[in-house]
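Biologist: I'd like a close look at the empty space shut inside this model, and at what surrounds it. Take your time and give me the full set of numbers.

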Amino acid sequence: MKKNEKSVILTLRYRTLFYLMIALIVLGQNKIIAQKAIKDVRPNIIIIMADDLDSRQISCYGGQNLKTTNIDALAKEGLRFTNIYTSEAMCVPTRASLFTGLYPARHGAFQNHKSVNDTLKSVGHYLTDVGYRVGLTGKDHVTKPKSVFPFDIINGFEPECVSPTDDYQLEDVKKYIKLDTKPYCLFVMSINPHAPWTIGDTTEFNPAKLQLPKEWVDTPMTRRQYVKYLAEVRRLDNQVGDITKLLKETGQDKNTIVIFMGEQGAQFPGGKWNLWDAGQKSSMLIKWPGRVKSSSVTDAIVQYEDISPTLIDIAGGTPIPGLDGKSFLPVVLAKSKTARQYAYGIHNNIPAGDAYPIRSIRDDRYKLILNLSSEKPYFNKALMNGEDKNKKTVWSSWLIKADKNQEAKRLTERFVNRPPVEFYDTLNDPSEFSNLAADPAHQDKIKELKKELLEWMQQQKDKGAEMDIGYSKNP
């Protein structure tokens, strides 16, 4: 073969190899672009969470004292849950359960302000692993250690729940949600309506015209404090409106799931720090354009431990072995009417007061409560002042009225002195006033629920009263 012919052949080979390499690069880039396009079509997620919200006050849940226009709009455009429960009616345990998918006995924060076990993973890991950015703005009580909660912390909302103000701005939130490299899950954690109730416009409400919860003693002090509380509920509703408006302004409203959650009940006697429904029952609304039917309602039982598994499911991830919660995405997509058979409850009273462990279980109608230290009175220092009637608190006003009023006495006695077993038909007795624990007609149901509750405690390695002691990680 001549030299020129060899040269031509080599040139052709090099050109062929060159074009092949170019083709492979282009194919590779197209594959990357295609993969990116697949990720980009997954929905963003914004979770707006209240702080100590008595969900019965939201107008779409039947509240009569104010019209929560912005929260109601989510219900009108999405799905409303009627049976969502926190397993422990306190801020830190509830949020730790939300983020980890574990019940309090397993994640370690089974008392308020007690840290989680530092070997855990959370939704911050699970969603990051499937390509999401995970951010949090606002109340940051459960964001440490960073190894457990690897959130992007975003400025904007007030992080300290007892702050006398809640000034907030949305510029940093706007920057975060406009980053288009990955879809995001952003937790917007409001501090409203957590005490000290110093935020909002109280002039909207007339104390004399308010409808009080049935388990409260009606006193002027109760009504004055309730006005302050409702002003913060109004503030919360305004914040929900600002977030949904921001999504619309940035053009993200069509591909963003908005979830509103109420946390546990209010810091009034019988609410927070208890396992009655006034404390344990919560609220949840899910708006998902194009996927969730407007103005829909579900009675499916879900708990805060189920949130992270559901978010993982929405993001396209696989179930995480060993979690206590499970995805209720089939309920969200109207493919199932049920999610779980029982909701469980745990309460440990230290450091909020004297040791007073409580456990509970409920199905779609009946609820069993075990007061594990019923031989002594219940006391919570954040709510009560002992027998001192001179202090100007809601509780002292209840005690004063109880001296002269039988109904007030019944309500205060109910709160302080509790029987070993409480059993309620929540369908016919939503206020949980009529204890049916001794009713012969309900003994089989009581045995069934007690058996399930004790098996759950054993599975959780929950030692009951032995858990309600002081720990070094408590402040």
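Modeller: Let's fix the residue classes first: Ala, Val, Leu, Ile, Met, Phe, Trp, Tyr, Cys and Pro count as nonpolar, Asp, Glu, Lys and Arg as charged, and the others, Gly among them, as polar. This is a predicted model, where local features need pLDDT of at least 70 and side-chain atom pairs pLDDT 80 or more, while totals for chains, interfaces and linings use all residues. Residues are numbered from 1 along each chain as its sequence is written, and side-chain values use heavy atoms, with hydrogens and water left out.

The structure has three cavities of 30 Å³ or more (a cavity is a set of points on a 1 Å grid over the protein atoms alone where a 1.4 Å probe fits but cannot get out, and lining residues have an atom within 4 Å of a point). The largest cavity holds about 40 Å³ (volume being the space filled by probe spheres set on the points, which are joined across faces, edges and corners). Around the largest cavity you'll find D54, R56, E215, W216, A266, F268, G271 and A278. That lining splits into four nonpolar, three charged and one polar residue.

Now the second largest cavity, also put at about 40 Å³. Its lining is made up of E215, P269, G270, W276, W398, L411, R414 and F415, so E215 turns up in the linings of both cavities. Five of the lining residues here are nonpolar, two are charged and one is polar. Helix α12, residues 406–416, gives the largest share of this lining, with three residues (helices are DSSP runs of H or I with at least four residues, strands are E runs of at least two, and both are numbered from the N terminus).

While you're browsing the loops, look at two backbone oddities. W273 is in the loop between β6 (256–261) and α8 (277–280), and has a positive phi of about 70 degrees although it isn't a glycine. W273 is buried, at 5% relative accessible area (buried is under 20%, exposed over 50%, partly exposed in between, with a 1.4 Å probe and protein chains only). D52 has a positive phi too, about 65 degrees, again without being a glycine. D52 sits in the loop between β1 (44–49) and α2 (69–77), and at 1% relative accessibility it counts as buried.

Notes: On a 1 Å grid over the protein atoms alone, a cavity is a set of points where a 1.4 Å probe fits but cannot get out, and a pocket is an open set with protein on both sides within 12 Å along at least five of seven lines; lining residues have an atom within 4 Å of a point.
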